[in-house]
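User: Could you take a close look at one part of this model, starting from a single residue in the interior and working outwards through whatever surrounds it? I would like one connected account rather than a list.

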Amino acid sequence: MKKPDAAPSKSPSQLITQRIAELGDWRGETLAHVRKLIKETVPDVTEEWKWRGVPVWYASGMLCTGESYKTHVKVTFAKGAFLADPKGIFNSSLDGNVRRAIDFFEGDKINAAAFKALVREAVALNAKKKK
């Protein structure tokens with residue numbers, strides 16, 4: 001007896017799009033905006049879906065994750081402790097040795113220029129470490 005073909009699994013990008021739609025509120029809008037800024041900054045960024053449902057963006061290594069919680073969206077930069085943050089947008093995980101995060105709450109505005117600067121710097125750091 002032949003097994004039926006398995007339904008094709010969704011790509012990480014499709015799963016991220018689905019998560020944004022499922023959130024259906026300001027958290028989805030915030031995650032979509034973060035994603036858009038990352039893709040504008042790094043057009044060839046790789047999107048992954050890890051740890052039971054966390055969007056993760058890569059360029060020469062991990063850049064950041066985008067987690068959604070009941071009260072906030074957390075964007076964690078994998079090597080954030082090594083990034084300059086002249087605009088002071090990191091507001092979470094500030095005591096860690098490696099990661100830094102930005103917690104966005106309902107009504108928060110994203111400083112697009114400062115966020116993109118962090119993304120560019122994270123890409124440069126990853127590329128430098130890869131050599």
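## From an interior strand outwards

Analyst: Thr65 is buried, since its relative accessible area is 7%, and the limit for that class is under 20%. The model is a predicted one, and the values that follow should be read accordingly. Thr65 belongs to strand S3, and, once residues up to four places away in sequence are set aside, its contacts are Trp51, Val54, Pro55, Val56, Trp57, Lys74, Val75 and Thr76. Among these partners, Val56 and Trp57 fall within the range of strand S2, residues 54–58, while Lys74, Val75 and Thr76 fall within that of strand S4, residues 72–77.

Following the S2 partners leads to Glu47. This residue lies in strand S1, which covers residues 46–50, and Glu47 counts as buried because its relative accessibility is 7%. Leaving out neighbours within four places in sequence, Glu47 is in contact with Val56 and Trp57, and also with Pro12, Ser13, Ile16, Arg35 and Lys39. Two of these partners are joined to Glu47 through side chains: Trp57 by a polar contact of 2.9 Å, and Arg35 by a polar contact of 2.7 Å.

Arg35 in turn brings us to helix H2, where it is listed among the buried residues together with Trp26, Arg27, Gly28, Thr30, Leu31, Val34, Leu37, Ile38 and Thr41. The helix runs over residues 26–41, 16 residues in total, and from its first C-alpha to its last it reaches 22 Å, which is close to the 22 Å expected at 1.5 Å a residue. Its N-terminal end is capped by Asp25, which places a side-chain oxygen 2.9 Å from the backbone nitrogen of Arg27.

H2 also packs against helix H1, residues 12–23: the two axes come within 7 Å and cross at roughly 145°, and the crossing is left-handed. On the H1 side the contact is made by Ser13, Ile16, Thr17, Arg19, Ile20 and Leu23, and on the H2 side by Arg27, Gly28, Leu31, Ala32 and Arg35. By character, the residues of this contact divide into five nonpolar, three polar and three charged. Ser13, Ile16 and Arg35, which take part in the helix contact, are also among the residues that Glu47 touches.

The S4 partners of Thr65 point to a further link with H2, this time by way of Val73. That residue has its place in strand S4, and it counts as buried because its relative accessible area is 0%. With residues up to four places away in sequence not counted, Val73 touches Trp26, Arg27, Thr30 and Leu31, as well as Glu67, Ser68, Ile102, Asp103 and Phe104. Trp26, Arg27, Thr30 and Leu31 are all named among the buried residues of H2. Although Val73 and Leu31 stand 42 residues apart in sequence, their C-alpha atoms are 7.0 Å apart in space. Ile102, Asp103 and Phe104 fall within the range of strand S5, residues 100–105.

The loops that join these strands offer a contrast in backbone geometry and exposure. Most residues other than glycine have a negative phi. Ser60, however, has a phi near 60°, a positive value in a residue that is not glycine; it sits in the loop between S2 and S3, and it is classed as partly exposed because its relative accessible area is 38%. Ser93 likewise has a positive phi, of about 55°, without being a glycine; its loop is the one between S4 and S5, and its relative accessibility of 36% makes it partly exposed. Beyond S5, Gly107 occupies the loop that leads to helix H3, residues 112–130, and here the relative accessible area is 62%, so Gly107 is exposed.

Set in the whole chain, this part belongs to a protein with three helices and five strands, arranged along the sequence in the pattern α-α-β-β-β-β-β-α. Of its 131 residues, 40% count as buried. Among contacts between residues at least 6 apart in sequence, 49% join residues at least 24 apart, and the C-alpha atoms fill a box of roughly 65 × 40 × 25 Å along the principal axes.

How values were computed. Residues are numbered from 1 along each chain as its sequence is written. This is a predicted model: local features need pLDDT of at least 70, side-chain atom pairs count only at pLDDT 80 or more; totals for chains, interfaces and linings use all residues. Side-chain values use heavy atoms; hydrogens and water are left out. Helices (H or I, at least four residues) and strands (E, at least two) are DSSP runs, numbered from the N terminus. The expected span of a helix is 1.5 Å times one less than its number of residues. Buried means under 20% relative accessible area, exposed over 50%, partly exposed in between (1.4 Å probe, protein chains only). A polar contact is a pair of N or O atoms within 3.5 Å; within protein, one must be able to donate a hydrogen and the other to accept it, and residues adjacent in sequence count only if both atoms are side-chain atoms. Axes are lines fitted to C-alpha atoms, for helices over the stretch in contact, and angles run from 0 to 180 degrees between N-to-C directions. A crossing is left-handed if the near helix is turned anticlockwise from the far one by less than a right angle, and right-handed if clockwise. Contact means heavy atoms within 4.5 Å. Ala, Val, Leu, Ile, Met, Phe, Trp, Tyr, Cys and Pro count as nonpolar, Asp, Glu, Lys and Arg as charged, and the others, Gly among them, as polar.
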